[in-house]
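Biologist: Could you take a close look at one part of this model for me, the protein surface that faces the DNA? Walk me through it in one go, and tell me how the two chains fit into that picture.

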2 protein chains.
Amino acid sequence: MGRLSLYLRQLERMLRDGIEKVSSRRLGEALGISDAQVRKDLGYFGHFGRAGVGYPVEELVKSVRRILGTDHEWPVALVGIGNLGRALVGYRGFRRQGFQIRAIFDLDPQKVGQSIEGICVEPASDLARRVAELKITLGIIAVPAEAAQAIADTLVSAGVKGILNFAPAPISVPDRISLVAVDLAIQLESLSYQVRIGHTDRETSE
Amino acid sequence: MGRLSLYLRQLERMLRDGIEKVSSRRLGEALGISDAQVRKDLGYFGHFGRAGVGYPVEELVKSVRRILGTDHEWPVALVGIGNLGRALVGYRGFRRQGFQIRAIFDLDPQKVGQSIEGICVEPASDLARRVAELKITLGIIAVPAEAAQAIADTLVSAGVKGILNFAPAPISVPDRISLVAVDLAIQLESLSYQVRIGHTDRETSE
DNA sequence: GGATGTGAACGACTTCACAGCG
DNA sequence: CGCTGTGAAGTCGTTCACATCC
């Protein structure tokens with residue numbers, strides 16, 4: 001559930017601000033979500049709150065991290081070091097949530113050997129071997145649309161468990177592999193649609 | 001509806017491949033969507049198909065573009081020219097769908113004056129004036145979390161109709177303004193959650 | 001009183017199934 | 001016969017409302 005990540009983000013903010021307990025109402029308000037929704041979402045995973053008091057922020061952060069799987073490190077491989085790839089490597093949010101980019105690959109021999117944030121770019125031909133070697137579990141695809149499916153196949157055969165696809169093309173993977181696709185152009189289209197319709201339902205991609 | 005953009009993407013691909021007509025079944029198959037769903041989605045906006053034949057690809061592309069609002073140009077302003085901002089400027093998908101980045105702004109005086117893909121970076125202090133001048137209707141926020149709300153407020157007061165927010169912080173805007181938020185870290189969290197659960201529902205962020 | 005957790009009511013979205021057209 | 005368009009049925013997610021607990 002995408003909302004859990006939003007809760008976690010907000011709870012971490014509250015923790016930094018020294019807030020010790022929070023009600024479903026206040027947590028929801030900060031995110032534009034109803035209090036009932038917040039309680040249902042959290043209630044699904046266990047009993048974290050105390051009636052009349054609310055939820056203990058620090059404890060809840062730990063619980064939500066455990067639910068989301070960000071209570072431990074995830075070794076990640078990035079494939080494709082164009083502009084978007086670079087942005088992803090530099091993105092602090094990944095590291096903060098335990099996602100460590102351990103290897104970078106590119107199809108272009110010109111880019112191989114470059115060092116990005118201290119990580120050496122390796123040739124895509126080594127992808128399968130290296131992913132297995134480094135026990136990498138998640139792969140991020142940031143290559144052009146044409147290459148996306150081939151890279152996905154390689155990542156799967158190398159043993160990753162999940163793929164985050166930024167290429168603007170649908171890729172298919174076996175059922176046992178998790179897949180999240182983010183198409184940036186679609187986000188803008190969705191925005192232009194909303195503007196045209198005037199009908200503003202708030203969306204978060206979670 | 002996010003799926004419309006997916007249909008458009010696939011239909012454009014078919015058009016390039018010279019396919020002239022398509023059934024709801026085949027369009028859906030390419031995207032992992034049921035045929036009934038495709039018919040419902042398209043049927044909501046009009047009668048585009050012919051029973052026994054299918055949908056005319058070229059005509060349908062035009063219709064969907066009109067529905068999504070990508071049948072005309074959208075002047076866009078980008079605020080924040082870090083790694084992500086650069087990736088967005090270089091992203092071909094935007095231009096292809098009619099989104100033209102007409103101005104780039106940054107808070108950092110060091111970055112002002114640089115030229116990115118032929119566009120000169122302007123100071124954020126000029127944002128309000130320039131957005132109105134250039135009749136810009138959409139704004140993309142790619143600044144750090146702390147600055148996001150202030151930039152959003154400025155964009156709104158300058159008259160944009162929609163905002164695409166890449167900053168990892170929830171921002172609030174008046175009801176009449178459309179808002180789409182994309183938090184990259186949340187996508188990875190959603191992936192790690194799926195991997196942990198083993199439960200793979202396919203997600204597309206439109 | 002203030003807040004949680006949760007069944008029950010509600011609504012939105014999806015799939016089913018089929019009449020009807022080409 | 002193939003395929004669309006669409007009511008009807010079904011499913012999933014959200015909101016309501018309240019018993020319960022601090």
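Modeller: One term before we start: a helix here is a DSSP run of H or I with at least four residues, numbered from the N terminus, and a residue is near a strand if one of its heavy atoms lies within 4 Å of it. Keep in mind, too, that this is a predicted model.

With that in hand, take DNA strand D. H3(A) supplies the largest share of the surface near DNA strand D, namely four residues. H3 of chain A and H3 of chain B each put at least two residues into that surface. In total, 20 residues surround DNA strand D, and the closest are A:Arg3, A:Lys40, B:Ser24, B:Arg39 and B:Tyr55. Of the strand D atoms that come within 4 Å of the protein, 57% belong to sugar and phosphate. By class, the surface near DNA strand D splits into six nonpolar, eight polar and six charged residues.

Now for some individual contacts on strand D. The side chain of A:Gln37 has an N or O atom 3.0 Å from a sugar or linking oxygen of DNA strand D. Backbone atoms join in as well: a polar backbone atom of A:Ala51 sits 3.1 Å from a sugar or linking oxygen of DNA strand D, and a backbone N or O atom of B:Gly49 is 3.0 Å from a phosphate oxygen of DNA strand D.

Over to DNA strand C. There are 20 residues around DNA strand C, and A:Ser24, A:Arg39, A:Tyr55, B:Arg3 and B:Lys40 come nearest. Sugar and phosphate make up 54% of the strand C atoms that come within 4 Å of the protein. The surface near DNA strand C has six nonpolar, eight polar and six charged residues.

Bases get touched on strand C: an N or O atom in the side chain of A:Lys40 is 3.1 Å from a base oxygen of DNA strand C, and for the side chain of B:Lys40 the distance to a base oxygen of DNA strand C is 2.9 Å. The phosphates have a partner too, with an N or O atom in the side chain of A:Tyr55 lying 2.7 Å from a phosphate oxygen of DNA strand C. Helix H3 (35-43) of chain A and helix H3 (35-43) of chain B are the elements that give two or more residues to the surface near DNA strand C. H3(B) gives the most there, with four residues.

So how do the chains relate? A turn of 180 degrees with a shift of 0.0 Å along the axis lays chain A on chain B with an RMSD of 0.1 Å. The two copies are therefore related as by a two-fold rotation axis. Both copies use the same surface, as 100% of the contact residues of chain A recur in chain B.

As for the contact between the protein chains, 67 residues come from chain A and 67 residues from chain B. Chain A and chain B bury about 5,800 Å² between them, with 63% of it on carbon and sulfur atoms. Four salt bridges are counted between chain A and chain B. A:Arg9 forms a salt bridge with B:Asp183, where the closest N and O atoms are 3.6 Å apart. Helix H9 (residues 184-197) of chain A gives the most to the side of chain A that touches chain B, with 13 residues. That side of chain A divides into 37 nonpolar, 17 polar and 13 charged residues.

Definitions and conventions
Residues are numbered from 1 along each chain as its sequence is written. Chains are lettered from A and ligands numbered from 1 in the order in which they are written. This is a predicted model: local features need pLDDT of at least 70, side-chain atom pairs count only at pLDDT 80 or more; totals for chains, interfaces and linings use all residues. Side-chain values use heavy atoms; hydrogens and water are left out. A polar contact is a pair of N or O atoms within 3.5 Å; within protein, one must be able to donate a hydrogen and the other to accept it, and residues adjacent in sequence count only if both atoms are side-chain atoms. Ala, Val, Leu, Ile, Met, Phe, Trp, Tyr, Cys and Pro count as nonpolar, Asp, Glu, Lys and Arg as charged, and the others, Gly among them, as polar. Copies are superposed by least squares on the C-alpha atoms of residues with pLDDT of at least 70 in both. Contact means heavy atoms within 4.5 Å. Buried area is the accessible area (1.4 Å probe) that two parts lose on being put together, summed over both. A salt bridge is a side-chain nitrogen of Lys or Arg within 4 Å of a carboxyl oxygen of Asp or Glu.
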